[in-house]
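Student: I would like a close look at one part of this model. Please take a single helix and its packing partners, then set them in the context of the chain.

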Amino acid sequence: MVEAQKWTRRMSNPRLDTAATADDHVLDIPTTPTAEVRNGIYTFGSHLTPNLLTAVIIASWFMSNTGVLLLNKYLLSFYGYRYPIFLTMLHMLSCASYSYIAINFLEIVPKQHILSKKQFFKIFALCAIFCFSVVCGNTSLRYIPVSFNQAIGATTPFFTAIFAFIITCKMESVKVYFALLPVVFGIVLATNSEPLFNLFGFLVCIGSTAGRALKSVVQGILLTNEAEKLHSMNLLLYMAPMAALILLPFSLYNEGNVARITLEKAKTDSFIILLLIGNATVAYLVNLTNFLVTKHTSALTLQVLGNAKAALAAIVSVMVFRNPVTVTGVTGFAVTIMGIVLYSEAKKRSKITTY
């Protein structure tokens with residue numbers, strides 16, 4: 001952008017310069033408009049202040065993360081659509097389609113390519129862990145309330161610390177491990193007092209949480225080479241179709257021909273199609289808003305918001321689905337969230353002292 005400038009027009013005769021200064025004519029040159037203004041093009045959020053734009057993005061993040069949980073719970077437990085593997089496969093197909101559009105046409109991030117077979121198999125390994133985690137998470141929603149699901153999911157740092165020690169022999173400081181004690185104690189309280197406790201739902205939710213932690217540790221190991229590192233949106237672009245291919249045979253074997261069942265159901269209840277498309281779209285928006293929040297704030301902010309989201313999703317689910325809760329259960333959840341906050345603070349201080 002060219003700033004406004006002032007030009008002074010003087011007489012051409014140098015001998016008359018002194019006299020001319022009294023009659024100088026100042027011409028104001030207006031600011032050169034940007035290409036967007038000249039062409040009438042405005043990008044998303046261009047008319048918003050930075051603070052307002054960040055607030056809108058964070059609000060969208062909360063709505064998409066809470067929305068996908070509630071929609072999954074409604075579909076799997078209340079609507080009677082008992083096909084968690086197929087539902088997860090629809091999520092992956094949606095993420096693959098929307099990611100292709102966002103990167104190749106909207107160009108929200110530069111496109112990166114898989115450079116070697118070695119890199120491909122690394123991504124495939126991450127994808128397998130990712131599939132396990134997401135399917136277990138969706139399956140658990142059939143059997144346990146969203147509030148209990150979120151309480152268990154909040155223990156992810158505990159499993160991350162365990163896998164980091166087992167796989168990489170990485171030791172954290174004593175304060176970091178000490179901060180994990182409230183996380184474990186809180187979930188024990190919540191489990192013992194959960195009115196709608198289901199052992200299978202509890203175990204698959206633990207599996208989902210452990211899978212999410214394992215993926216983060218393995219990703220840090222496999223994609224350490226700078227040339228092999230992919231942006232989160234590019235990683236989703238490649239992982240999503242792989243995940244759909246992995247899930248397809250499992251869905252056919254365990255759930256049957258769900259596509260045919262869904263189409264048959266749609267003949268008498270067309271709402272199912274709208275519900276599935278909306279659910280799959282919101283699943284992609286979770287990933288998109290994760291990226292936008294990190295871009296406009298920081299990874300630490302995203303972690304803090306994750307703690308708040310768990311509490312918000314639990315409260316909203318109780319209000320929507322009316323599942324019973326106990327004082328002890330709420331206390332256990334609060335202790336777990338407090339432990340996560342202490343853990344985050346201890347990790348941050350540990351990094352500062354290391355440097």
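Tutor: The crossing of helix 4 with helix 11 is left-handed. This is a predicted model, so every value here is computed from predicted coordinates. Helix 4 covers residues 84-104, and helix 11 covers residues 232-255. Their axes come within 8 Å and cross at roughly 155 degrees. An angle over 145 degrees counts as roughly antiparallel, and helix 4 is therefore roughly antiparallel to helix 11. The residues of this contact divide into 20 nonpolar, five polar and one charged.

Now turn to the other partner, helix 13. The axes of helix 4 and helix 13 also come within 8 Å, but here the crossing angle is roughly 60 degrees. That value is neither under 35 degrees nor in the range 65 to 115, so helix 4 and helix 13 are oblique to each other. Helix 4 passes helix 13 in a right-handed crossing. The contact of helix 4 with helix 13 holds nine nonpolar residues, six polar ones and no charged ones.

Which residues of helix 4 and helix 13 meet? From helix 4 come Leu87, Leu90, His91, Ser94, Cys95, Tyr98, Ser99 and Ala102. From helix 13 come Leu276, Asn279, Ala280, Thr281, Ala283, Tyr284 and Asn287.

Pick out Asn279. It sits in helix 13, which spans residues 271-296. Is Asn279 buried or exposed? Its relative accessible area is 0%, so Asn279 is buried. Beyond four places in sequence, Asn279 touches Val68, Leu71, Asn72, Leu75, Leu87 and His91. Two of these names, Leu87 and His91, belong to the helix 4 side of the contact.

Next, the start of helix 11. His231 lies in the loop between helix 10 (199-222) and helix 11. At 28% relative accessibility, His231 counts as partly exposed. Outside its neighbours within four places, His231 contacts Val109, Gln112 and Phe291. Take Gln112 from that list. Gln112 and His231 are 119 residues apart along the chain, yet their C-alpha atoms are separated by 7.8 Å.

Aromatic rings give another view. The count comes to 14 aromatic pairs. One of them joins Trp61 and Phe62, edge-to-face, at 5.1 Å centre to centre with 80 degrees between the planes. Both Trp61 and Phe62 are buried. Phe158 and Phe159 form another edge-to-face pair, with 5.4 Å between centres and 80 degrees between the planes. Here the burial is split. Phe158, at 26% relative accessibility, counts as partly exposed. Phe159, at 16%, counts as buried. The cut-off for buried is under 20%. Tyr74, Tyr79 and Phe271 form one aromatic cluster. Of these, Phe271 falls at the first position of helix 13 (residues 271-296).

Finally, the chain as a whole. Its secondary structure comes to 15 helices and two strands. Of its 355 residues, 43% count as buried. Among contacts with a separation of 6 or more, 83% join residues 24 or more positions apart. The contact of His231 with Gln112 is one case of a long separation, at 119 residues.

How values were computed: Residues are numbered from 1 along each chain as its sequence is written. This is a predicted model: local features need pLDDT of at least 70, side-chain atom pairs count only at pLDDT 80 or more; totals for chains, interfaces and linings use all residues. Side-chain values use heavy atoms; hydrogens and water are left out. Helices (H or I, at least four residues) and strands (E, at least two) are DSSP runs, numbered from the N terminus. Buried means under 20% relative accessible area, exposed over 50%, partly exposed in between (1.4 Å probe, protein chains only). Contact means heavy atoms within 4.5 Å. Axes are lines fitted to C-alpha atoms, for helices over the stretch in contact, and angles run from 0 to 180 degrees between N-to-C directions. A crossing is left-handed if the near helix is turned anticlockwise from the far one by less than a right angle, and right-handed if clockwise. Ala, Val, Leu, Ile, Met, Phe, Trp, Tyr, Cys and Pro count as nonpolar, Asp, Glu, Lys and Arg as charged, and the others, Gly among them, as polar. Rings of Phe, Tyr and Trp (its six-membered ring) pair if their centres lie within 6.5 Å; planes under 30 degrees apart count as stacked, over 60 as edge-to-face and the rest as tilted.
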